[in-house]
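Got the viewer open and a selection box ready? Let's take a walk through this one, stop by stop.

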Amino acid sequence: MHRSIALIDVNNFYVSCERVFNPKLEGVPVVVLSNNDGCAVARSNEVKALGVKMGQPWFELKDLAKKHGIIAYSSNYTLYADMSNRVMSILSEYSPNQEVYSIDECFLELTGFGDLSRYGHDIRQRVRQWTGLPVCVGIGSTKTLSKLANHVAKKNAEFNGVCDLNSLSPTLQNNLLSKIDVGEVWGIGRRLAPRLNRHGIKTVLDLKHANSKRLREEFSVVMKKTIREINGTPCIELEEISPPKKQIISSRSFGVTVKDLRSLEESVSSHIAKAAEKLRRQQSYAGSVHVFITTSRFNKPEENYHNSYKIRLPTQSADTILLTKTALWGLHKIYRSGFKYNKAGVMLSDFVTNEHRQADLFGLRLEDSKSKRLMKIMDQINAKMGRGTIKLASEGTDQQWKMRQGNRSPGYTTTWDDLVEVEY
């Protein structure tokens, strides 16, 4: 019996989320823009057909958008995260072993589940019916092959959104692999593809038949594992529980340039609050706080300034108040007046669990207990009432530096005031 691993991927995820709540966007060219409405980070098929590249700046597309009626949306991360959670919850019912790989992708272990083509179509129908989102299903004997099968399911209409490589003959499999550029292989991409091309490896089938020992010497052991995976030997197992992050970064470009220290303090405080919440969610404690500020790289040399400062904590902490005080102290160390800053951020690192946490000499247990209770209450209220319901005063209220989101859709699934109204 072949091992069967499925990769389920939401098609054009950000765009599809927007279309769920605005059906008039179906068949219309749509892009979703990055922070500050800078670049295209999601494109509908109609936009891809116009030659728009991933990451292409929006200002370069305005004439094309006017000519072809391209509609641009600002990123609505709250909506996308909630829709992702709904999809992953549905998919978890189809297998006891699930690995959520990204916001719009997950692997499922389906070995021994019978007619997997029919099973895949059932998954597609259920997700579409319950969330309105279109997905494709790729099934293979390894994670790398399931990724390729998903690519086939998307690009070939005859598969109707589901491709089970295990059900195809070796001849048909090789025929499909011979038509896929080697850059589509998981872990290869545009960076390594040119180097493989120089070895005469241009398609996935070429890589399948390549000398893995020779390529390992030039590339790495990862390349050897990739070739083994393409040949059907599992080398990458499912991670049913995502490992804790080793560092957490929170950073955003400003909507307008910032010169004053107060605005930078608000920004750094907001980033610490987000990072600390994620830190507590994975039940870790940070041993270091890293704060950084920078001007635009497009400035004149004499107008450029960037700096960072790392502070090691005497005792690892997950307390937003302590982490904020630490980050602001670091910010004051590196701030220089007279510059126009366009970005600030923080990084928490050197994580430990509670069991490995090193107490200071005096071990202030009472204060530590109060801190845990306060942070727990704050997280519970913000989870129930919305992020930022309770926050530190240092985060500010106006936040005029916040990133531009000129065409952001409502929070259809997370905000009562934004619920869709149906007239009848």
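What follows is a tour of selections, with a note on what you'll find at each. Keep in mind that this is a predicted model.

**Stop 1: the domains**

Start by colouring the chain by domain. The domain assignment gives domain 1 as 1-164, domain 2 as 169-242 and domain 3 as 248-395. If you drop a centre on the C-alpha atoms of domain 2 and another on those of domain 3, the two lie 41 Å apart.

**Stop 2: strand 6**

Now select residues 105-109, which make up strand 6. How many of its residues are buried? Five of the five, so to speak a full house. Show the side chains: E105, F107 and E109 point one way, C106 and L108 point the other way, and all are buried. That fits a general pattern: in a regular strand, side chains alternate between the two faces of the sheet.

Next, add the partners of strand 6. Select residues 5-10 for strand 1, which runs antiparallel to strand 6 and is joined to it by five bridges. To find your place in this pairing, click on A6, whose bridge partner in strand 6 is L108.

Then select residues 98-102, which form strand 5. Strand 5 also runs antiparallel to strand 6, with four bridges between them. Two good markers here are E99, which stands opposite F107, and S102, which stands opposite E105. What joins strand 5 to strand 6? A hairpin does, passing through two residues.

**Stop 3: salt bridges**

Switch on the charged side chains. The structure holds 16 salt bridges, and we'll visit a few of them.

Pick R3 and E237 to begin with: their side chains meet at 3.1 Å, N to O. R3 sits in the segment before strand 1, while E237 is in the loop between helix 11 (221-230) and strand 9 (248-258), and the two are 234 residues apart. Are these residues buried, partly exposed or exposed? R3 counts as partly exposed because its relative accessibility is 22%, and E237 counts as partly exposed because its value is 45%. Now bring E109 back into the selection: R3, E109 and E237 are linked in a network of salt bridges. You met E109 on strand 6, where it is buried.

Move on to R126 and E93, whose side chains meet in a salt bridge at 3.9 Å, N to O. R126 lies in helix 5 (residues 116-131) and E93 in the loop between helix 4 (77-91) and strand 5, so the pair ties together parts that are 33 residues apart in sequence. R126 is partly exposed, at 24% relative accessibility, whereas E93 is exposed, with a relative accessible area of 55%.

One further pair is R195 and E218, which also form a salt bridge, at 3.9 Å, N to O. This one links helix 8 (residues 189-197), home of R195, to helix 10 (residues 212-218), home of E218, across 23 residues. Both ends count as partly exposed: R195 is at 28% relative accessibility and E218 is at 36%.

**Stop 4: around helix 8**

Since R195 has brought you here, select the rest of helix 8, residues 189-197. Which of its residues are buried? L192, A193 and L196 are. Look down the axis of helix 8 and you'll see its buried residues fall within an arc of 115°, so they line one face of the helix. For background, an α-helix has 3.6 residues a turn, so residues three or four places apart point the same way. Turn to the other side of helix 8 and you get R190 and R191, which are exposed.

What do the buried residues of helix 8 pack against? Add helix 9 (204-208), helix 10 and helix 11 to the selection, and you have the packing partners.

**Stop 5: the three-stranded sheet**

For the last stop, select strands 2, 3 and 4. They form an open sheet in the order 3-2-4, with mixed pairing. The edges are strand 3 (40-43) and strand 4 (71-74), each of which pairs on one side only. Ignoring direction, neighbouring strands in this sheet are turned by 30° against each other on average.

Zoom in on strand 2 (residues 30-33) and strand 3, which pair in the antiparallel sense over three bridges. A handy marker is L33, which stands opposite A40 in strand 3. Finally, add helix 1 (residues 13-21), which packs on the sheet and touches strand 2, strand 3 and strand 4. The direction of helix 1 makes about 115° with that of strand 2.

Key:
Residues are numbered from 1 along each chain as its sequence is written. This is a predicted model: local features need pLDDT of at least 70, side-chain atom pairs count only at pLDDT 80 or more; totals for chains, interfaces and linings use all residues. Side-chain values use heavy atoms; hydrogens and water are left out. Buried means under 20% relative accessible area, exposed over 50%, partly exposed in between (1.4 Å probe, protein chains only). Two strands pair if DSSP finds at least two bridges between them. A salt bridge is a side-chain nitrogen of Lys or Arg within 4 Å of a carboxyl oxygen of Asp or Glu. Domain bounds come from an automatic or database domain assignment. The arc is that of the directions from the helix axis to the C-beta atoms. Contact means heavy atoms within 4.5 Å. Axes are lines fitted to C-alpha atoms, for helices over the stretch in contact, and angles run from 0 to 180 degrees between N-to-C directions.
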